[in-house]
Amino acid sequence: MDFSAFLNYLTLPLLWEGLRTAMIIAVVAFAAALPFSLGMAMMRMSDFRILRLLPIPYIWVMRGTPILLQLLFWYNVLPLFGLNLSAFWTAILGLMLNEIAFMSEIIRGGLQSIKKTQRDAASALGLTSWQIMHRVVMPQAMRSIAPAMANEGMVIVKHTSLASVITVQELTLSSEQVVSTNFQYVEVFLAAGVLYLAATTLIALAQNYLERHLDLERRGHAIAVAAQAGRGRGGEPVPGAPREGDGVEAEAPALQKFLGPARASAGEGEEPAAAGSRRPYVVINKVSKSFHGTRVLRDVSFNILPGEVVFLIGPSGSGKTTLLRTINRLETVDDGEITVGGQFVGYQSSPSGTVPVRDAARSRARVGVGMVFQHFNLFDHMTVIENVIEAPVRVHGANRAQARTDARELLAWAGLAEYENHYPHQLSGGQQQRIAIIRAVATRPKLLLFDEPTSALDPELVNEVLDLMRRLAESGMTMVVVSHEIVFARHWADKVVFMEDGEIVQAGSPDAVFNAPDNPRTKNFVHLIEQRSEGQSKTAET
Ligand SMILES: Nc1ncnc2c1ncn2[C@@H]1O[C@H](COP(=O)(O)OP(=O)(O)OP(=O)(O)O)[C@@H](O)[C@H]1O
């Protein structure tokens, strides 16, 4: 091989001009394909069957036929329809149409890899579908999408060489032209190969940068190191804030401003009702719900007074979670209706009865219903403080700086001030659940729903979560709790509702339900959870 000729070709303007053309085609085709790919991925994930099925034939054909054939097809067929694009633009169009099929499937895979629980949490906070997509789902999906997309970027650069068949003067065609004059195949094609390699290396570097940026382990490590250094200097991350384990937690004043006046009144703008004559704050009226023909809620009715703590108990599958999720319309109801503070959540009245509204998220936020989930559902890609301020800023229009100040107050209230810059994966389950509670409280809810808030926790972490719930209950928050924490329920619940097979079997004071159940089914169940509770206490003691 003639090495100096190779170096010569490496700097040959004709080849660099070819590379430039190839890169423009690749970049424009890739960029133009992106929004269409996203749109097609969303169609493939749509609830509407027709939208879901529509892209399938397109994806099938585009992925199943050679790109070379596709380019020749567009080059020869478009002019028949009066569309006389240049070879350059035909190459861009052909590559773009081909890439949409591949990229849409990559994006769909990435979006579907994000658990539904993340959407549920965002939705419960009042984020709209668009906000959920671009604030919660997309940033997390990017971690799995980025490497595959970088691959596609490299593929498209290499596919530009096929545009030579439709006479685009790109790098491969330029090299062929040089070879046809001097027959130095090895030197010329090697030089062209090096230029292609340089272009794809740039993409690999960009991928590397993006992956490092999205790497939460790395970011988390940096935070842990910084926190360690701060401690080493005796510094406090948040001056004056109590730290976990100090036994000092900022008390009620911090909490009071997050609790709306409605906890003491029957409805928005109404006078607080006198004790004893309080009107119900939550009204659940003859609610029924089926999944795939199986009835999971049957004519469920009960009321919750402002400031009341209601425990829903019952065997697995009895419909507790479903009932809880119908209160903030994470599930729709088939029959019956629910009002919170005199307002529908995610429904409106119509001449034919109550009908679901499209904008359920806004309705949820307006009425002020917060929710805490069994598996915490913190947004994994956001730090603790980012999790807490997300809804106040995005949904309630709070000033970002003020929201951060408020979030710090709440973190201090929970004794978690030192964790504001941590990521969820750096926290224990108990800490994550307490952050999830704070995240809900930061939206200033008037009603808080808890779906088995302690059942995913190790026994030694349960108490720290229950303690926070106790303080909320003491401050007058209206709460509905699905849980079998019998000791807590005995002390803090105002009402216990026992459900079985989608029906309320017994409802009453903790004393009535736990100590003198008037129904044999309730009696059996209470006996069971008492045994379990005793077993857990013994395990904890040993
Ligand atoms: N999205 C869904 N699609 C289909 N079936 C569902 C759905 N959600 C709940 N179900 C079914 O509805 C019934 C009630 O479920 P639900 O989760 O409300 O019960 P639960 O009392 O909270 O049970 P657990 O204590 O085990 O969580 C169960 O049979 C469950 O399988």
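Is I327 buried or exposed? The views below come from a predicted model, and the first one takes up that residue.

**View 1. I327 and its surroundings in helix α13.** I327 has 22 C-beta neighbours inside 10 Å, so it counts as buried; the cut-off for that label is 20 or more. Its home is helix α13. If you skip the neighbours within four places in sequence, the contacts of I327 are V282, I338, V340, V345, V369, L449 and V480. For a sense of scale, look back along the chain to I313: I327 and I313 are 14 residues apart in sequence, and 16 Å separates their C-alpha atoms.

**View 2. The shell around the ligand.** Here you see the residues that surround the ligand: F291, H292, V296, G314, S316, G317, S318, G319, K320, T321 and T322. Sorted by class, that shell holds two nonpolar, eight polar and one charged residues. Helix α13, residues 320-327, supplies the largest share of the shell, namely three residues. Helix α13 is also where I327 from the previous view is found.

**View 3. Helix α9 and its buried face.** Helix α9 spans residues 171-182, twelve residues in total. From first C-alpha to last it reaches 17 Å, close to the 16 Å you'd expect at 1.5 Å a residue. Its buried residues are L171, T172, S174, S175 and V178. Look down the axis and these buried residues fall within an arc of 160°, so they line one face of the helix. What covers them includes α1 (3-10), α2 (13-44) and α10 (185-214).

**View 4. The other side of α9, and what follows the helix.** Turned away from the buried side of α9 is a face carrying the exposed residues S180 and T181. Carry on just past the end of α9 and you meet F183, which takes a positive phi of about 55°.

**View 5. Stretches with pLDDT under 50.** The chain as a whole averages a pLDDT of 87, and 90% of the residues score at least 70. Over residues 232-243, though, pLDDT stays under 50, and the model gives this stretch 22 contacts beyond four places in sequence. Residues 262-276 also have a pLDDT below 50, with 31 contacts in the model beyond near neighbours in sequence. Where pLDDT is low, the predicted coordinates shouldn't be read in detail. For the complex, the predictor gives an ipTM of 0.96 and a pTM of 0.83.

Technical notes
Residues numbered from 1 in each chain as written. Predicted model: local features only at pLDDT ≥ 70, side-chain atom pairs only at ≥ 80, totals over all residues. Near = placed C-beta within 6 Å. Helix = DSSP H or I, 4+ residues; strand = E, 2+ residues; numbered from the N terminus. Nonpolar A, V, L, I, M, F, W, Y, C, P; charged D, E, K, R; others polar. Expected span 1.5 Å × (residues − 1). Buried ≥ 20, exposed ≤ 12 C-beta atoms within 10 Å, placed from the backbone. Arc of directions from axis to C-beta. Contact = placed C-beta atoms within 7 Å. pLDDT = per-residue confidence, 0-100.
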